[in-house]
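User: I'm new to this one. Can you walk me through it?
Analyst: Sure, here it is.

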Amino acid sequence: PSGAALILDYGPANTIPSSTLRGIRSHQLVSPFAGAGEVDLSADVDFLALVEAALGASDNVEVHGPVEQGVFLEQMGIKERSEMLVRGLERKSEKGAEAPGDREGSLDNDAVEVQSRKRAIREAVDRLVSRLPGRGMGNLYKSLAIVPERGGKRPVGFGGGL
């Protein structure tokens with residue numbers, strides 16, 4: 001086989017989900033039957049069924065995971081990448097502060113904007129990787145990789161290195 005699949009979704013890692021149909025509107029859970037056509041429908045993924053289907057479809061595939069999204073993203077380097085983005089904002093801000101001209105008032109606005117963007121990056125990463133109840137998606141979402149047979153060599157994000 002050639003190709004690969006990377007699946008990121010929410011659902012339990014090692015149980016069969018049941019009765020998980022739900023409605024979501026404006027980031028709030030609602031009845032899936034309320035406001036037909038105006039509510040997003042959602043259900044947990046049955047990761048065990050995906051694993052069984054992939055392994056049953058070919059003798060030459062490996063399945064890695066599911067692992068929690070927070071673990072996957074951390075192993076993929078999300079924190080390092082976000083800090084690179086933050087440092088880039090800081091460098092850009094420093095260059096603007098060094099530019100000649102009458103920019104007294106705009107420097108304060110630029111500094112506030114940079115701080116706001118840095119905070120937004122850090123909060124977004126925290127939300128993606130946090131495993132705290134009600135705070136993040138790090139343990140709600142799972143990652144699963146289906147790849148051609150590689151002799152058990154784990155992909156990055158699933159315990160493997162570069």
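User: Where does serine 19 lie?
Analyst: Serine 19 sits in the loop between β1 (5–10) and β2. Keep in mind that this is a predicted model.

User: Buried or exposed, that serine 19?
Analyst: Exposed. Its relative accessibility is 81%, and the cut-off for exposed is over 50%.

User: What about the phi of serine 19?
Analyst: Phi is near 55 degrees there, a positive value in a residue other than glycine. Most residues other than glycine have a negative phi.

User: And serine 26, what is its phi?
Analyst: About 50 degrees, so positive, although serine 26 is not a glycine. Serine 26 is in the loop between β2 and β3. Serine 26 counts as exposed because its relative accessible area is 62%, where over 50% is needed.

User: OK, the sheet. In which order do the three strands come?
Analyst: The order is β3-β2-β4, in an open sheet with antiparallel pairing. The edge strands are β3 (28–30) and β4, each pairing on one side only. Neighbouring strands are turned by 40 degrees against each other on average, direction ignored.

User: How many bridges join β2 to β3?
Analyst: Three bridges; β2 covers residues 22–25. In one pairing, glycine 23 of β2 has valine 30 of β3 as its bridge partner.

User: What holds strands together in general?
Analyst: Strands of a sheet pair through backbone hydrogen bonds, either parallel or antiparallel.

User: Back to β4. Which residues does that strand cover?
Analyst: Residues 40–42, with leucine 41 among them. Leucine 41 counts as exposed, at 57% relative accessibility. Leucine 41 also helps make a nonpolar surface patch of about 380 Å², along with Leu21 and Phe33.

User: New topic. Which residues are buried in helix α2?
Analyst: Gln69, Gly70, Phe72 and Leu73; the helix runs over residues 69–76. Seen down the axis of α2, the buried residues fall within an arc of 165 degrees, so they line one face of the helix.

User: Why would residues three or four places apart point the same way?
Analyst: Because an α-helix has 3.6 residues a turn.

User: What comes just after α2?
Analyst: Glycine 77, with a positive phi of about 95 degrees.

User: Last one: is the peptide bond from glycine 65 to proline 66 cis or trans?
Analyst: The bond is cis, with omega near 5 degrees. Proline 66 belongs to strand β5, which spans residues 61–68. Most peptide bonds are trans.

Notes. Residues numbered from 1 in each chain as written. Predicted model: local features only at pLDDT ≥ 70, side-chain atom pairs only at ≥ 80, totals over all residues. Heavy atoms only, no water. Patch = residues over 30% accessible without salt bridge, like charges linked within 9 Å, V, L, I, M, F, W, Y side chains within 5 Å. Areas by Shrake-Rupley, 256 points an atom, 1.4 Å probe, with all protein chains shown as cover. Salt bridge = Lys/Arg side-chain N within 4 Å of Asp/Glu carboxyl O. Helix = DSSP H or I, 4+ residues; strand = E, 2+ residues; numbered from the N terminus. Buried < 20%, exposed > 50% of the residue type's maximum accessible area, 1.4 Å probe, protein only. Pairing = 2+ DSSP bridges. Axes fitted to C-alpha atoms, helices over the stretch in contact; angles between N-to-C directions. Arc of directions from axis to C-beta.
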